[in-house]
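I opened my notebook to look up the hollows in this protein and one serine. Here is what I wrote down as I went.

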Amino acid sequence: MEARVSFAYTRREDERLLTGQGRFVADIDVPGCLSAVFVRSPVAHGRLRSVDCSPAASVPGVVGAWSAVHLTGLPACAQTAADLPDLPPIPPVLLASLSTREAVAGREWPTLATDRVRYPGEAIAVVVAEDRYQAEDGAAAVGVLIDPLPAAVTTAAALDGTVTLFEGMSNVAFEFEAGHPIDEEVWRSAAVVVEARYRQQVLLPSPMECRAFLAVPRGDGLTVWCSHQMPHRLRRELAEVLGWPPGRIRVIVPDSGGAFGSKSAIFPEYVVTATLAVALGRPVRWIEDRMESLLAATRGRGQDQRVRLAAGADGRLLAYELAIDADVGAYPHLGAALPTQTARMATGPYLTPRVHATVRSVLTNTMMTYPYRGAGRPEAASALERTMDELARRLGLDPAELRRRNFIPPERFPYDTPTGRRYDSGNYAAALDLALETLGYERWRRERDRRRADPAALPLGIGLACYVERSGGEPGGLHEFGGVEACPDGTVVARCGSAAGGQSHETTFSSLVADTLGLDPARVRLIEGDTGEVPEGVGSFASRSAQFAGAALQRAARTLIDQARQRAAALWELPVHKVSWSRGTLRAESDPPAAADLGELVKETGPLRVDDRFEGAMAFPFGAHAAVVEVDVDLGTVRVLRLVAVDDCGVALNPVAVHGQALGSAVQGIGQALYEGVPFDDAGVPVLPNGLLDYLLPTFAEVPPVDIAATTTPTPVTPLGAKGAGESGCIGTPPAIVNAVADALRLADPGLLQMPLTPDVVWRAARASENARRPAAAREPGRVENAQGSGHGAHGTSGGADRSRHGADRTGRGR
């Protein structure tokens, strides 16, 4: 294996994006374009009695209004049935390695609701007008009658049998297990067994640009502009619902304002917008606004977890059991199989001989759970790492030492885990040691102990988290397209099947190809995210772009060099070994000597293009994160004093971009740990009336000093040695922060802290911990509520008036 690094420090994208020259879906200027606005369910669950679209017809500028109630035969809308064909359900997203067809059968996601709504914000009708303002007015005029039904907003509520989302069918849509059941004798004979329950709350991915879709008819086809992670899959899915061959559709991804997993599939709004564009013969655009996104866009996480971890007296792990009830939303789409990632990654970085993980994917009256940065791996790391810290406390061991004793050693790779993963490479102890050194671990431990001896000092805690994640995707999708074309003007066009959403593809891939060819990066232009220019592609998700697209581009560039030498040899009538390549120029060992640059060769011999499809395997990045926090037990506030993130993504193609990915994901990890959560009212509707004033994202003011460091352990599964790098902070940071708070409060029960660690949760945990340490006679009278009730499968509104970022209760009982 040969690994090379492309040191590209200046992002090509920056000048365009920072000077307002970026071109997003909303910026595409199409003459005669109509705007679509959707009428959405105001309730979480109910029977849809009627939809009256006719008032929308009288709104100036409205072209039409439609609902699926109309399409099933009730004359309620402003158009006739012939104007819009029957809409098919949304195609299920099936993981190639794991069929969820049985989960979807009978539970299909309708494009527009017909007889029943199953989550707040479900699309019921659509209004199209000459501009967005008129379409909004038309949507407000549509009359909708819904008989509310009881809603199941938590997995516990969905499992108790009171609410059924689909008549005659269980709310458990899918079940899965990894590893093998563990004999009870293992638990009985262990020196220590830790049992705990954790809640991974529902999170909103919240990209800067919400979902956006523009459909433009052209001849007998359609051009689609969409902010999307997988344009070729979107083309296939749109072709399926329209009944067209894929070649009639071109999908283009312009500049994209982020995704974090939330733009990886097809949605009802896309199907309706494309169908309307075809039916009306005019361009139609749908742009999701922020309030709409908070209500109806995809969610991430959402797991109730039960764990058991057994160890011997020396701290060696014996067995680990993880049971997951996953909230996958109202329809078993992509989210039904997503929790299998948690089960398969349950082992973490440890040499645990027995591991058993089980999953129940549970339907609830909420929007669907989809991938969100980390997609199953943060949930696995959080459950295991929180339990490891509690195990260390019970054994009286330093948490770092406990981890060292149980790491899979470097000489054991490739390592087959009990849950069916094959780890490619790793040096977990090196990452932990670097994290401790960077943090100044021993100095902070002394400061923590000093504060414990000082009743007037604010408690300080240190938390660690070590993780392994999977990058690249699953079997069936472990490949990517890459192509390189030489142009007559001496420039090079690189094509790949990825689609950028902020990961610096334009800079990194152009520099990689330039580095391979020995050219100035300015001579290389990247094309991606366009099914008309790129013949095939998988896309950008699962931290796979560098690992697969990078390898494909490098190999294509090397093949282009070989073909150029062969062409030059034929042109000069020389053996190939007499022709050399150096920095874009071909030279002949001849008399007289001959030379030609790449552009001249193309002019002489014709087009020169190499298309490649690189196939590889999963890789397993890893790392160690450490946090130091200070807790005000009277206010319940948490201040992160220091955060260290040491990640190992193999060979970093662009270290500056990797640093940015690590920092950005760490900030999102801080959000999960301390701030973010969706509160629901008693009817199951999200309580976010003020948008991002209620759903609190960390801002610059909440970002603590963060040290980003790295170890480098190349992977053997790709010639670049590169693993994924984009999701590390969402995986390692949350458990490190929660462990630090638990350490500061000296908690005896890890279940007392459930994310997000709002002031209410922390205050209650501090009271419970303080009570537990007091002699019985000195304890406060009455029962202190376990803080687990504020975060574990509960729902409700905030219990405090002050919702400032470091004040009292902010999101209350977030799911």
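Before I could note a volume, I needed the term: a pocket is an open set of grid points with protein on both sides within 12 Å along at least five of seven lines. I also kept in mind that this is a predicted model.

**Entry: the second largest pocket**

I looked up its volume first and got about 460 Å³ for the second largest pocket. Its lining takes in 22 residues, and I found Asp389, Arg393, Pro399, Arg448 and Asp743 nearest the centre. Then I asked which elements give two or more residues to this lining: they are helix 11 (377-395), helix 14 (441-452), strand 18 (460-468) and helix 19 (728-745). Helix 11 gives the most, with 5 residues. Sorting the lining of this pocket by class, I got 10 charged, 9 nonpolar and 3 polar residues.

**Entry: the cavities**

Next I turned to the enclosed spaces and counted 4 cavities of 30 Å³ or more. The largest cavity holds about 90 Å³. I listed 13 residues along its wall, with Pro205, Ser206, Pro207, Ser293 and Ala297 closest to the centre. The lining of the largest cavity splits into 6 nonpolar, 4 polar and 3 charged residues.

**Entry: serine 580**

My last stop was serine 580, which sits in strand 22 (residues 579-582). Is serine 580 buried, exposed or partly exposed? Its relative accessibility is 34%, so I put serine 580 down as partly exposed. Setting aside neighbours within four places in sequence, I found serine 580 in contact with Arg565, Thr585, Leu586 and Arg587. I also checked alanine 569: it is 11 residues from serine 580 in sequence, and 9.5 Å away from C-alpha to C-alpha.

Technical notes: Residues are numbered from 1 along each chain as its sequence is written. This is a predicted model: local features need pLDDT of at least 70, side-chain atom pairs count only at pLDDT 80 or more; totals for chains, interfaces and linings use all residues. Side-chain values use heavy atoms; hydrogens and water are left out. On a 1 Å grid over the protein atoms alone, a cavity is a set of points where a 1.4 Å probe fits but cannot get out, and a pocket is an open set with protein on both sides within 12 Å along at least five of seven lines; lining residues have an atom within 4 Å of a point. Grid points are joined across faces, edges and corners, and a volume is the space filled by probe spheres set on the points. Helices (H or I, at least four residues) and strands (E, at least two) are DSSP runs, numbered from the N terminus. Ala, Val, Leu, Ile, Met, Phe, Trp, Tyr, Cys and Pro count as nonpolar, Asp, Glu, Lys and Arg as charged, and the others, Gly among them, as polar. Buried means under 20% relative accessible area, exposed over 50%, partly exposed in between (1.4 Å probe, protein chains only). Contact means heavy atoms within 4.5 Å.
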